[in-house]
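Please look over the model below. Then we can take up what its terms rest on.

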Amino acid sequence: MHSIPELKADCSKCAALCCVAFSFDKSDEFAIDKETGKACPNLETEGKNCGKCKIHDTLRADGFGGCASYDCNGAGQRLIHEVFDGKSWIDDPTLLPEMMDAFRGMLIVHELLLLLKTANRLPLTALETEKYNKYIAKLCPENGWTQRSLLKLETSDFRVEVGEFLVSLRHHAVALQELMKKSTS
Ligand code: SF4
């Protein structure tokens, strides 16, 4: 059985990928506009706190609630250590374009793993369990992910296929809701 990696962000093991890769528009959730690929001005770029958010403890109060509630599901730290061998765009800015490309793929991997892990709490049939195991195996390759395999995944129909599988499990959700209603009435 393939082991599922940590699916919760641990920013201490990452390199602020979300603070540079994502764009955001000025809104209730973000106090400023930011382009994709540009480091957020709140990101420390020097000294011992380099790569850390200068307003981490006051994100919501400072108008960055979108950052406070965001979770990459562990994709960032995995990408840094598994695919880039601990290297970071902060130390070597030339790595940024390829890190951003690979980050998109790893976000998909971890999003799908989280959804599948949740779906596995349903009483799956044998056929559904077989499909679940097949998808988990594909998302947890024995030799890990590479930049190339992440790009391939991003441009494939795999996400759609897993999405269709998840939608096909709706009948369990209805059954569970019925059970819960009965147990509380
Ligand atoms: S406000 Fe902080 S957490 Fe949000 S993008 Fe900027 S540096 Fe990152």
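Q: How much surface does the chain expose, and what supplies it?
A: The chain exposes about 11,500 Å². Carbon and sulfur atoms supply 53% of that area. Areas come from the Shrake-Rupley method with a 1.4 Å probe; for residues, only the protein chains shown count as cover.

Q: What kind of model is this?
A: It is a predicted model, where local features need pLDDT of at least 70, side-chain atom pairs count only at pLDDT 80 or more, and totals for chains, interfaces and linings use all residues. Residues are numbered from 1 along each chain as its sequence is written, and side-chain values use heavy atoms, without hydrogens and water.

Q: What makes a residue buried, and how many qualify?
A: Buried means under 20% relative accessible area (1.4 Å probe, protein chains only). Of the 185 residues of the chain, 35% meet that mark.

Q: Why is α1 called a helix?
A: A helix is a DSSP run of H or I with at least four residues, numbered from the N terminus. α1 covers 17-21, so it counts as a helix under that rule. The chain has eight helices and zero strands.

Q: Which residues lie nearest the centre of the largest pocket?
A: Cys11, Ala16, Cys18, Cys19 and Cys53 do, out of 37 lining residues. α1 (17-21), α2 (65-69) and α3 (75-83) each supply at least two residues of the lining. Lining residues have an atom within 4 Å of a point of the 1 Å grid; a pocket is an open set of such points with protein on both sides within 12 Å along at least five of seven lines.

Notes. Buried means under 20% relative accessible area, exposed over 50%, partly exposed in between (1.4 Å probe, protein chains only). On a 1 Å grid over the protein atoms alone, a cavity is a set of points where a 1.4 Å probe fits but cannot get out, and a pocket is an open set with protein on both sides within 12 Å along at least five of seven lines; lining residues have an atom within 4 Å of a point.
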